[in-house]
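Hello,

Here is the structure we talked about. Please look it over, then read the notes below.

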Amino acid sequence: MPDLPPAGSDTRPEIVVCVCDPAVEAALGAAWAVTDGLASARARRVVAADPEALANAVEGQLRDPGCRALLILGRARADGFRIQTRAENRALNGKTRFHPTGPGVVRATASAQEIVRALTDAGESAEVSSEAEADAASYLLFRAMCGLPDGVDAPSVALLRVPPGDPERVGAGLGVAMTAIARHLSPGVRGSAH
């Protein structure tokens, strides 16, 4: 019989969150506190100095059994939120393929429609797009999808593009997106809280 977890163990599913754009990082400011208070999920933030280091850190997080989902945050080109569902095989320079023999395109695995529905229900403008952009967020989505472990318990992955102008709005959108993703996740392994 397995040991019981300590009283108060946090079994909410863990969502790894990473930001690929300095403007989004600045817009979030203190909004990270929003994710700590979610009833349905807990967040682990990944920080790195550059996109390549961030991609390497995310690949490591995806192999951690405590990671149930990855939410990549990038900058939106318009005023609304956008869920990008695919990324192309491009190096950071945008001119060559990152993985010479890898797939040309990968698709995110989180429910984009569920995230859009949650954002619009919260009064936000949101859309789903399969248009890939030549930026660090698309690069990270490609790397994450190629680095996912095999199996039915592989983490769910989403790329949410946010309008970076209003920190309160960005923080609220982050909380709504995390809650929508968490609806499809089972609780974390008992005692795996970080």
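Which residue meets the side chain of R75 in a salt bridge? D21 does, with N and O 3.2 Å apart. Bear in mind throughout that this is a predicted model.

**Salt bridges**

R75 sits in strand β3, while D21 belongs to the loop between β1 (14–19) and α1, so their salt bridge ties together parts 54 residues apart in sequence. The two ends differ in burial by the usual classes. R75 is partly exposed, at a relative accessible area of 38%. D21 is buried, at 16%.

The structure holds 18 salt bridges. Two others deserve a look, and E133 takes part in both.

Start with R77. Its side chain meets that of E133 in a salt bridge, 3.2 Å from N to O. This pair also links distant parts of the chain. R77 is in the loop between β3 and β4 (81–84), and E133 is in the loop between β7 (126–129) and α5 (136–147). The separation is 56 residues. R77 is exposed, with a relative accessible area of 57%. E133 counts as buried, at 12% relative accessibility.

Now R161. It forms a salt bridge with E133, and the closest N and O atoms are 3.6 Å apart. R161 lies in strand β8 (residues 156–162), 28 residues from E133 in the loop between β7 and α5. Again, distant parts of the chain are linked. R161 is buried, with a relative accessible area of 0%.

These residues belong to a wider set. R77, R82, E131, E133, D135 and R161 are linked in a network of salt bridges.

**The cavity**

E133 turns up again here. The largest cavity is lined by E88, R90, A91, L92, G94, A132, E133, A134, D135, S138 and Y139. D135 is thus in this lining and in the salt-bridge network as well. The volume of the largest cavity is about 90 Å³. How many cavities of 30 Å³ or more are there? The count comes to one. By class, its lining divides into five nonpolar, two polar and four charged residues.

**The pocket**

D21 also returns. The largest pocket has 14 lining residues, and those nearest its centre are V19, C20, D21, A48 and L54. Its volume is about 220 Å³. Which elements each supply at least two residues of the lining? They include α1 (22–28), β2 (42–46) and α3 (51–62). The lining has ten nonpolar and four charged residues, with no polar ones.

**Helix α3 and the loop after it**

V58 lies in helix α3. Is V58 buried or exposed? It counts as buried, at 1% relative accessibility. Setting aside neighbours within four places in sequence, V58 is in contact with C18, V46, L70, L140 and A144. Take V46 from that list. Its C-alpha atom is 7.1 Å from that of V58, and the two residues are twelve apart along the chain.

D64 is found in the loop between α3 and β3 (67–75). Its side chain makes a polar contact with the side chain of R44, at 3.2 Å. A polar atom of the D64 side chain also lies 2.7 Å from the backbone nitrogen of G66.

**Helix α4**

Which residues of α4 (residues 112–121) are buried? They are A112, E114, I115, V116, A118 and L119. The elements that cover them include β4, β7, β8 and α6 (167–182). After α4 comes G123, with a positive phi near 90°.

**Where to look**

For a quick pass, I would suggest three stops. Begin at E133, which has salt bridges to R77 and R161. Go on to D21, which is bridged to R75 and is among the residues nearest the centre of the largest pocket. Finish at V58, with its contacts to residues including C18 and L140.

Best wishes

Terms used: Residues numbered from 1 in each chain as written. Predicted model: local features only at pLDDT ≥ 70, side-chain atom pairs only at ≥ 80, totals over all residues. Heavy atoms only, no water. 1 Å grid on protein atoms, 1.4 Å probe; cavity = no way out; pocket = protein on both sides within 12 Å on 5 of 7 lines; lining within 4 Å. Points joined across faces, edges and corners; volume = space filled by probe spheres on them. Helix = DSSP H or I, 4+ residues; strand = E, 2+ residues; numbered from the N terminus. Nonpolar A, V, L, I, M, F, W, Y, C, P; charged D, E, K, R; others polar. Polar contact = N/O pair within 3.5 Å; in protein donor to acceptor, adjacent residues only side chain to side chain. Salt bridge = Lys/Arg side-chain N within 4 Å of Asp/Glu carboxyl O. Buried < 20%, exposed > 50% of the residue type's maximum accessible area, 1.4 Å probe, protein only. Contact = heavy atoms within 4.5 Å.
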